Amino acid sequence: MATIADKSFIKRTFTEIKEASYKEKSQPLTAEQLTNNFLDSILELKKILKEKTADVFLINEMMEKLTWVNDVDEESLMLLNDLISLAKDFRGSLIRQYISLNDLRKQGLAKEEIKEFKNGIDELKEVYEDLESVYFFLPKMPEFVETTRKLSLI
């Protein structure tokens with residue numbers, strides 16, 4: 001009985017080795033293949049970073065336009081306050097992603113794309129701080145209110 005099981009195991013082992021040997025001969029792993037896969041991964045990373053950066057700059061542009069809105073009512077101020085909080089949270093997520101790219105940046109991989117991504121993150125902070133100033137801090141400063149009043153008369 002043991003002979004039949006042994007023979008079956010020998011045949012299974014033979015088949016496994018035969019298939020593995022054929023696969024390695026027909027599809028060998030080469031340094032060129034590894035390099036190409038690595039370069040493809042870098043190109044994919046660059047593409048993803050460019051898309052994320054474009055999204056961030058679009059949001060920045062939209063938020064920047066909000067600083068020029070006039071005659072904002074109480075409901076709009078509440079929405080703006082929520083929007084600023086949401087932008088801060090969004091920036092926190094982006095910063096965590098940027099930090100995770102630190103090793104790649106140090107190795108010089110996707111350096112420009114990572115730098116531009118960081119620029120978008122930095123601009124996001126400037127934009128939401130501007131919104132906060134325009135709608136919540138500056139209107140409480142008497143000098144600003146007076147200057148704005150004088151400018152509106154021109």
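Colleague: How many helices and how many strands does the secondary structure of the protein chain come to?

Modeller: In this predicted model, the secondary structure of the protein chain comes to six helices and zero strands, and, read along the sequence, the pattern is α-α-α-α-α-α.

Colleague: Before I read any geometry, where in the protein chain is confidence lowest, and where is it highest?

Modeller: The mean pLDDT of the protein chain is 89, and 88% of its residues reach 70 or more. Confidence is lowest in helix α6, residues 142-153, at a mean of 61, and highest in α3, at 96.

Colleague: Then let us take α3; how many residues does it have, and how far does it reach from its first C-alpha to its last?

Modeller: Helix α3, spanning residues 74-100, has 27 residues and reaches 40 Å from its first C-alpha to its last, which is close to the 39 Å expected at 1.5 Å a residue. Helix α5 can be read in the same manner: α5 has 27 residues and reaches 37 Å between its first and last C-alpha atoms, close to the 39 Å expected.

Colleague: Which residues of α3 are buried, and what do the buried residues of α3 pack against?

Modeller: The general idea is that an α-helix has 3.6 residues a turn, so residues three or four places apart point the same way. In α3, the buried residues are Leu80, Ile84, Ala87, Arg91, Leu94 and Tyr98, and the buried residues of this helix pack against α2 (31-66), α4 (102-106) and α5 (111-137).

Colleague: And which are the buried residues of α5?

Modeller: The buried residues of α5 are Glu113, Ile114, Phe117, Gly120, Ile121, Leu124, Val127, Tyr128, Leu131, Glu132 and Tyr135; they pack against α2, α3 and α4. For the protein chain of 154 residues, 18% count as buried.

Colleague: How should I describe the packing of two helices, and at what angle do the axes of α3 and α5 cross?

Modeller: Two packed helices are described by the angle between their axes and the distance between the axes. The axes of α3 and α5 come within 10 Å and cross at roughly 160°. Because angles over 145 degrees count as roughly antiparallel, that makes α3 roughly antiparallel to α5. As for handedness, α3 passes α5 in a left-handed crossing.

Colleague: Where do the residues of α2 meet those of α3, and how do the axes of α2 and α3 cross?

Modeller: The axes of α2 and α3 come within 13 Å and cross at roughly 155°, and α2 and α3 are therefore roughly antiparallel to each other. In this pair too the crossing is described as left-handed, with α2 passing α3. At the contact, Lys52, Val56, Ile59, Met63 and Leu66 in α2 meet Leu80, Leu83, Ala87, Phe90, Leu94 and Gln97 in α3.

Colleague: That leaves one pair; are α2 and α5 roughly parallel or roughly antiparallel to each other?

Modeller: The axes of α2 and α5 come within 9 Å and cross at roughly 15°; α2 and α5 are therefore roughly parallel to each other, and their crossing is left-handed.

Colleague: How can I follow contacts between residues that lie apart in the sequence, and what separates the C-alpha atoms of Glu51 and Glu113?

Modeller: Among contacts in the protein chain between residues at least 6 apart in sequence, 78% join residues at least 24 apart. As for the two residues you name, the C-alpha atoms of Glu51 and Glu113 are separated by 10.0 Å, although their positions lie 62 residues apart along the chain when counted as a separation. Glu51 is placed in helix α2 and is partly exposed, with a relative accessible area of 42%, whereas Glu113 is one of the buried residues of α5.

Colleague: Is Glu112 buried or exposed?

Modeller: Glu112, found in helix α5, counts as exposed at 55% relative accessibility. Glu112 and Lys50 are 62 residues apart in sequence and 9.9 Å apart in space, C-alpha to C-alpha.

Colleague: Turning to the loops, what is the phi of Asp71, and what is the phi of Ala110?

Modeller: Asp71 has a positive phi of about 50° although it is not a glycine, and phi of Ala110 is near 55°, again a positive value in a residue other than glycine. Asp71 is found in the loop between α2 and α3, where it is exposed, with a relative accessible area of 82%. Ala110 is found in the loop between α4 and α5 and counts as buried, at 4% relative accessibility.

Notes:
Residues are numbered from 1 along each chain as its sequence is written. This is a predicted model: local features need pLDDT of at least 70, side-chain atom pairs count only at pLDDT 80 or more; totals for chains, interfaces and linings use all residues. Side-chain values use heavy atoms; hydrogens and water are left out. Helices (H or I, at least four residues) and strands (E, at least two) are DSSP runs, numbered from the N terminus. The expected span of a helix is 1.5 Å times one less than its number of residues. Buried means under 20% relative accessible area, exposed over 50%, partly exposed in between (1.4 Å probe, protein chains only). Contact means heavy atoms within 4.5 Å. pLDDT is the predictor's confidence in each residue, from 0 to 100. Axes are lines fitted to C-alpha atoms, for helices over the stretch in contact, and angles run from 0 to 180 degrees between N-to-C directions. Angles under 35 degrees count as roughly parallel, over 145 as roughly antiparallel, 65 to 115 as roughly perpendicular and the rest as oblique. A crossing is left-handed if the near helix is turned anticlockwise from the far one by less than a right angle, and right-handed if clockwise.
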